[in-house]
Amino acid sequence: MNDKWRHNWVLAYHWLCQRRQHYPANADVWHLRFHWQAKCEVLWQRIRLGQYHLKPMEVITTLDGRRTVQWCAEDALALKWLTLCLTPLLPKHPACRHLKGHGGVQGSILATTQAINSGQYQFVYRTDIKGYYEHFPKERLWQWCQQCTDSSALLNLLTQYIYYSVENDGEFNLMAQGISRGCTLSPLIGGCYLYSLDNALANRKGIFYERYMDDFLLLSPTRWPLKHAIAILQNALAQDSFTCHPDKTQMGRIEKGFDWLGMWFTDTDMVRSPRSLARAKERQLEKEHHRRLYEQP
């Protein structure tokens, strides 16, 4: 185990160097890299012995004026190491497509296309969780993590990750609910936490099921199996105080069309969805705005 953990530590450092290679010259990642030979072993021993303490997340302002939060370089390194160590330990369902090795967006689109072309399904239900990261129940998440590992080193970082705080202009705020969006561990937690729900829906007879992070897709030949599956979904989410986003929930016949992962599906066709095209236009405008900022004297 120690050899694997040490290997993950090396991988985490290389990931950090690559991930923050374009950060400004005053970013703390450069200080860490410059003193890495002296800091490496000290940090590793604190991590390995469960004695490392995460700092509060920092509020930063991007070039376009947006305010966001991020972990300092050392904390990002520790959390990446935690992610690598937890990946083989957490339960992962094949229907959760955003997890590594599960097909991603293209895999889900291909599976959905094949399901529709089979002619077995007539009805669709598509929804997502409103504010998935922001509404994670901390206590239930902590109990779930304790079932996945008994390592004191991993649990030390996990409890700090769950009960994180944010520092803004000298004020420290402890987040009452939710998990950090700006963390490599969050997509893994978000994908694995709903494993039991994935398993229940994927095993429903006559139901085609896909999930991408907090987006859910169910196809059914008739209304009754679909309504039963929806009830299972909503009841499971309610146990963690999650709710479906009303503006992104759709139920009806496949022939009328539905939006899934940026594509618009019908029983005969698949094209880019209007919402995806609108987002692409917004991103293009943002890039143009950033380019103008850089060109200013």
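**Reading a predicted model: a strand, a patch and some cysteines**

User: Hi! Where does Arg253 lie in this structure?

Analyst: Good place to start. Arg253 belongs to strand β8, which covers residues 250–253. Keep in mind that this is a predicted model. The protein has eleven helices and eleven strands.

User: Is Arg253 buried, exposed or partly exposed, and why?

Analyst: The general idea is to look at relative accessible area: under 20% is buried, over 50% is exposed, and partly exposed is in between. Arg253 has 35% relative accessibility, so this residue counts as partly exposed.

User: Which residues form the positive surface patch?

Analyst: Lys and Arg count as positive here. The patch is made up of Arg223, Lys227, Arg253 and Lys256, so you meet the arginine of strand β8 again.

User: Now the cysteines. How many disulfides are there?

Analyst: The idea is to check pairs of cysteine sulfur atoms: a disulfide needs them within 2.5 Å. By this rule, the count is zero. Take Cys72: its nearest cysteine sulfur belongs to Cys183 and is 12 Å away, and Cys72 is in no disulfide.

User: Why does Cys96 have no bond to Cys192?

Analyst: The closest cysteine sulfur to that of Cys96 is the one in Cys192, but because the two are 7.1 Å apart, they are too far for a bond.

User: And are Cys72 and Cys96 buried or exposed?

Analyst: Use the accessibility idea again. Cys72 has 7% relative accessibility and so counts as buried. Cys96, at 0%, also counts as buried.

User: What percentage of the protein's residues count as buried?

Analyst: Of its 297 residues, 45% do. To picture the whole, the C-alpha trace spans about 65 × 55 × 35 Å along its principal axes.

Technical notes. Residues are numbered from 1 along each chain as its sequence is written. This is a predicted model: local features need pLDDT of at least 70, side-chain atom pairs count only at pLDDT 80 or more; totals for chains, interfaces and linings use all residues. Side-chain values use heavy atoms; hydrogens and water are left out. Patches are made of residues with over 30% relative accessible area and no salt bridge: like charges are joined within 9 Å, nonpolar side chains (Val, Leu, Ile, Met, Phe, Trp, Tyr) within 5 Å. Accessible areas come from the Shrake-Rupley method with a 1.4 Å probe; for residues, only the protein chains shown count as cover. A salt bridge is a side-chain nitrogen of Lys or Arg within 4 Å of a carboxyl oxygen of Asp or Glu. The place of a charge is taken as NZ of Lys, CZ of Arg, CG of Asp or CD of Glu. Helices (H or I, at least four residues) and strands (E, at least two) are DSSP runs, numbered from the N terminus. Buried means under 20% relative accessible area, exposed over 50%, partly exposed in between (1.4 Å probe, protein chains only).
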